[in-house]
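Here are my notes on this one, jotted down while going through the model. Have a look at the structure first, then read on.

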Amino acid sequence: MVAGNESSARDMAIKARAASRALQALPSADRVAILNRIADSLQAHEAQIMAENAIDVEAAQGKVSEALLQRLVLKPNKIAQLADGIRAIAKQEEPVGRLLSRLEVAEGLVLDKVTSPIGVLLIIFEARPDALPQIASLAIRSGNGLLLKGGKEATRSNALLHKLIVDAVAEVAPGVGRDLIGLVTSRDEIDQLLKLHDVIDLVIPRGSNQLVSYIQQHTKIPVLGHADGICHIYVDAAADMGKATRICVDAKVDYPAACNAVEKILVHDSLVGDKLDSLVKALQDAGVTLHGGERAAGALGLPTAPSARHEYSSLDATVELVSSLDEAINHIHNHGSGHTESIITEDQQAADDFLRRVDSACVFHNASTRFSDGYRFGLGAEVGISTARIHARGPVGVEGLLTTRYLMRGTGQTVEKDKAVAYTHRPLPLN
């Protein structure tokens, strides 16, 4: 279903909730079958998808930023990777109705805590047509309804991907039907969607920090996501410089526009000289334009960075010098965004200290920040990466799209001001 104004978007959300309740009632095997059908359909229609995406890309040339254009392009192996991720989601343990705890409240009165879908999700994303099947698959596995609002630059890609997905749902589960996932294609302002707080339960933005910040400031709907992806790598005094070079280059060059690309490299000042020079040269040889922080600009002869807190989303990075692990951690806390940080060191105590004390969603030792990703974390895919501290944090997969419910089974008990019941509050085994 496609919406073109606030009224139809509201109707779409209401129908998505009804369809999600039908989805939740299906046997797990049916939801698994839907996902496998989607994966098969994506691969069967790969040529069409790539052709539609090529038209979108050509139309966007010169009209959007280079970072946005990079997010728009579907690379040749992307469809196969998407299909693999969807099949991995299908193989996960059944997430809905999972028993988390069981308590005997009183004799003959048992209380279960179980996992439950959130309800209706609104996903607003720029470019990134690959986000559409990822998000749809996670929503299907977790029993949620969806409204999708993609950027106009990916109109043709999104339309085809949406059609293939809802076709698969309708074929496998006609009782759920195509209303489970709605694609909003109007040119209306996002503001109209953000007003639907009575029929939408969660909004997840995927895009630039400007988009995410705007959404966070203009809706009553809870928002899950991150506004900035200012990721750091700290090259410790005890770093293996071969590892440091490979990791820093990968973290910047592999996909410069990604939110998990490194934006600032902190280097222990004892490495100034040949070791740091070799790292700088390797980055520059890989096409990275380096900028200097307050200390590094003068020491290394680099142009001054725009600010101490800057997200380039391009082949640019800041280098800064620090005198200790404590200074590196404090710098990250003062100027980072809580997304992903990594320490490069052979000093296990320093690594453990960094992992324990750095307060970000993802913290690594001797690994590229680019690993901060739902597919790479074994989640199959992600709806986004959250730097929020309530509910899900880090790459958000199926588990992050669930909440909990309480189910009580009794034998006729009443409260009567707590005089008619003798509470036992005895934990019971889950089996």
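**Notes on the predicted model**

1. Starting with the pocket: the largest one has a volume of about 1100 Å³. Keep in mind throughout that this is a predicted model.

2. What lines the largest pocket? A set of 50 residues does, and those nearest its centre are Arg71, Arg128, Tyr255, Ala257 and Ala258. By class, the lining splits into 17 nonpolar, 17 polar and 16 charged residues.

3. Which helix gives the most to that lining? Helix 4 does, with 5 residues. At least two lining residues come from each of helix 4 (66-72), helix 5 (78-91), strand 7 (202-206), helix 9 (209-217) and strand 14 (384-386).

4. On to the domains. The protein chain is split into domain 1, which takes in 9-94 + 115-224 + 397-402, and domain 2, which covers 231-371. Their centres, taken over C-alpha atoms, are separated by 34 Å. As for direct contact, 5 residues of domain 1 touch 4 residues of domain 2. Both domains also take part in the pocket, since the lining of the largest pocket draws at least three residues from each of domain 1 and domain 2.

5. Now the parallel sheet. It is an open sheet of 6 strands, in the order 10-11-9-8-12-13, and the pairing is parallel. Strand 10 (289-292) and strand 13 (362-365) are the edge strands, each pairing on one side only. From one strand to the next, the twist averages 20 degrees.

6. Zooming in on one end of that sheet, strand 10 and strand 11 (residues 316-322) run parallel and are joined by 4 bridges. If you want a specific pair to look at, Thr289 has Asp316 in strand 11 as its bridge partner.

7. Where does helix 14 sit? Helix 14 (residues 348-357) lies across strand 8 (231-235), strand 12 (340-344) and strand 13. Against strand 13, helix 14 runs at about 175 degrees.

8. There is also an antiparallel sheet to look at. This open sheet has 4 strands in the order 16-3-2-17, with antiparallel pairing. Strand 16 (402-409) and strand 17 (423-427) are at its edges with a single partner strand each, so one side of each has no neighbour in the sheet. Neighbouring strands here are turned by 25 degrees against each other on average, direction ignored.

9. Within the antiparallel sheet, strand 2 (residues 99-106) pairs with strand 3 (residues 109-117) over 6 bridges, in the antiparallel sense. A pair to click on here is Leu103 and its bridge partner in strand 3, Leu111.

10. One last spot: Glu52, which is found in helix 3 (residues 46-60). What does Glu52 contact, leaving aside its neighbours within four places in sequence? The partners are Arg156, Ser157 and Leu160. Of these, Ser157 is 105 residues from Glu52 along the chain, yet the C-alpha atoms of Glu52 and Ser157 are separated by 5.4 Å.

Note on methods: Residues are numbered from 1 along each chain as its sequence is written. This is a predicted model: local features need pLDDT of at least 70, side-chain atom pairs count only at pLDDT 80 or more; totals for chains, interfaces and linings use all residues. Side-chain values use heavy atoms; hydrogens and water are left out. On a 1 Å grid over the protein atoms alone, a cavity is a set of points where a 1.4 Å probe fits but cannot get out, and a pocket is an open set with protein on both sides within 12 Å along at least five of seven lines; lining residues have an atom within 4 Å of a point. Grid points are joined across faces, edges and corners, and a volume is the space filled by probe spheres set on the points. Ala, Val, Leu, Ile, Met, Phe, Trp, Tyr, Cys and Pro count as nonpolar, Asp, Glu, Lys and Arg as charged, and the others, Gly among them, as polar. Domain bounds come from an automatic or database domain assignment. Two strands pair if DSSP finds at least two bridges between them. Axes are lines fitted to C-alpha atoms, for helices over the stretch in contact, and angles run from 0 to 180 degrees between N-to-C directions. Contact means heavy atoms within 4.5 Å.
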